[in-house]
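Hi everyone, thanks for making room for me today. Let me put the structure up, and then I'll walk you through one chain and how it meets its partner.

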Amino acid sequence: MALTRCQTSIVTRICWALSLSVVAVPFVFPFLWMISSGFKSATEIFGQLSLIPDTWRWGNYIEVFTYQPFARQYFNSIYIACAVTGITLILSSLAGYALARMRFAGAGLLMLFLVSALMVPEEVTILPNFFLMKWLGVMDTHVPLILLPVFGPHGVMATFLMRQYFVSLPKELEEAGKMDGLSRLGIWWKIALPMSRPALAAVAIITFLFSWNLFLEPLVFVSSLSNFTLPLALSNFTDPYGAPLWHLQLAATSLAVVPILIVYLIAQRQIIESFAMSGVKG
Amino acid sequence: MAVTDTTETTARKPRAPWLTLRRREAIEGWLFVSPTLIGFLIFFLGPLIAVVFYSLTEWNLLSQKSTYVGLANYTDALRDNPDFWHVIRNSVIFAAGLVPLNMALALGLAVALCRPGKGVVFFRTVFFAPVITSAVAWAIVWKFLLQGEAGAVNQMLAGIGIDGPNWLREPNWAMFAVIVTRVIKMVGLNMILYIAALQAVPRDYEEAARLEGANSWQIFRMVTWPLLAPTTLIIMVITTIGSFKVFDHIYLMTGGGPENGTLVLAYYIYEQAFEFFNIGYAAALAIIMFVIVLALTVVQLLLRQKGSS
């Protein structure tokens, strides 16, 4: 018997939801497993597969903080990400504004020069930067972790994002500002920036996450435990013989991932749009 | 004549101020870009040039001595050191596995999720979540899930009667595992780029094709897919370059093992530079990586030009 039109559409929708749910398993399961295992004992993690711990070991979350200076490392990650985001916002909007609105000799060449930078992987420049930082005497500090993301390909990408946005804005308000005797800097700060909140938000979001998740730079430039950032700290839960302390590692990983995940669930639309705007891997 | 006239008149008048509006604008423009430009020269362009010089020296950090050796590091990599070609082979396998898988899955998900409807936002949020998650966290969790017998993946496979391999301990399976877990981590990004492109496809075209009697597959094949070509190309460039840069994922999941089965170029550079301190050799490897990435970009951009003409 043939299905009616309405029935076929319900069947298609059910098939659609079912197949997407199956595909979603490897995207969701790791998060659930990570959170639940953070409450388990090391032996239970590799026992019978179950997402509900036998006993909820809240103690894991205390041990995380006594095993290494995890609170300090957490704070490091937060303040470095904030610093990188703040500096990137200011510099990229300044340069992006000039490239979009001001005519000066060499601007086109400068653009081309910056575009080419997007093609160079950080792995290529990190070696000379290692010696540069050594020479500057800032090894095992957070200086490289702030400077390199700001002035690397990510900073260039942020500059372009800002430029594209400024180009799309109408000029009239800025010209009115000029009539009122505002300086260039005044026009940028009082007129252009307030109009470009969506672009600033996008740059802020992707820059914060970029810094928060950075791994290679901390690995190369930072060596003492109290200077670690979160990604480095997470990879460092091993006993004195180098064997991993699974339950602590997973509890710490949950602590690092879950807050970001909560913010993401609240602001998913804005965050996804930010990445769509940048169109570049974080 | 008119030109000379004006110069004479201005010459007779009191001197025009040096700071004309145009000059002022140019100076301000350079001032606005200067913080970015100076930082960029010091921390990016300078190092890029320096790495070329490093690559021409024999420089081991332990001996604290650097001597000029010409192209020896390059011939060492390209001719003498079998590790190098092994690493290149691994990187190519990684990219050849990751890029098509990532793009096909991204496109499939985008087609399923490009029209507004119930559940669409939920699924988009789910598929994008790994993108914002730290690669370190992602690699740590998957390393656990892929453990031999006790790992969750193999326990699930056992549930449906499949005896799973020890994923991260056998070279071929390890490569397979790092590719698939990396795809799951990053596919959400390409998915949203494809969704944006699909939403920009004018509905009229598809409607017209439908009126002509084309079925959904034909419409996709003949109308939508060609319109997606520019996006496909950009995604391909970004994803391929990204796959050659992958480091943290492999560092944490396999450490390049087993038997160097997942030792890829970015990891090899790190190892030579910061574990073995072969600075000159690592610099040469970095230059080779730069050339590969550049060549890939140029080839793909040329393909686009050929496609559009």
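A definition before anything else: I'll call two residues in contact if their C-beta atoms, placed from the backbone, lie within 7 Å. Please also keep in mind that this is a predicted model.

With that in hand, let's look at chain B. If we take its contacts with a separation of 6 or more, 67% of them join residues 24 or more positions apart. In secondary structure, chain B has 13 helices and 2 strands. Its radius of gyration is 27 Å, well over the 19 Å that the globule rule gives for 309 residues, so chain B is more spread out than a compact globule. You can see that in the C-alpha trace too, which spans about 100 × 75 × 35 Å along its principal axes. As for burial, 39% of the 309 residues of chain B count as buried.

Now, the interface. How many residues does each chain bring to the contact? Chain A brings 70 residues and chain B brings 68. On the chain B side, the element that gives the most is helix α2, residues 21-54, with 18 residues. By class, that side of chain B has 52 nonpolar, 11 polar and 5 charged residues.

So let's stay with α2(B) and look at two helices of chain A that pack on it. A quick reminder of the vocabulary: two packed helices are described by the angle between their axes and the distance between the axes.

Here is α7(A), residues 143-151. Its axis lies 9 Å from that of α2(B), and the packing angle is about 105°. An angle from 65 to 115 degrees counts as roughly perpendicular, and that makes α7(A) roughly perpendicular to α2(B). From α7(A), the contact uses A:L147, A:L148, A:V150 and A:F151, and from α2(B) it uses B:G39, B:F40, B:F43 and B:F44. By class, that is 7 nonpolar, 1 polar and no charged residues.

Next comes α4(A), residues 70-101. The axes of α4(A) and α2(B) come within 8 Å and cross at roughly 140°, and the crossing is left-handed. On the α4(A) side we have A:L91, A:L94, A:A95, A:Y97, A:A98 and A:L99, facing B:G29, B:F32, B:V33, B:P35 and B:T36 of α2(B). Sorted by class, this contact has 9 nonpolar, 2 polar and no charged residues.

That's my tour; I'm happy to take questions!

Note on methods. Residues are numbered from 1 along each chain as its sequence is written. Chains are lettered from A and ligands numbered from 1 in the order in which they are written. This is a predicted model: local features need pLDDT of at least 70, side-chain atom pairs count only at pLDDT 80 or more; totals for chains, interfaces and linings use all residues. Helices (H or I, at least four residues) and strands (E, at least two) are DSSP runs, numbered from the N terminus. Ala, Val, Leu, Ile, Met, Phe, Trp, Tyr, Cys and Pro count as nonpolar, Asp, Glu, Lys and Arg as charged, and the others, Gly among them, as polar. The radius of gyration is taken over C-alpha atoms; the globule rule is 2.2 Å times the number of residues to the power 0.38. A residue is buried if 20 or more other C-beta atoms lie within 10 Å of its own, exposed if 12 or fewer, and partly exposed in between; C-beta atoms are placed from the backbone. Axes are lines fitted to C-alpha atoms, for helices over the stretch in contact, and angles run from 0 to 180 degrees between N-to-C directions. Angles under 35 degrees count as roughly parallel, over 145 as roughly antiparallel, 65 to 115 as roughly perpendicular and the rest as oblique. A crossing is left-handed if the near helix is turned anticlockwise from the far one by less than a right angle, and right-handed if clockwise.
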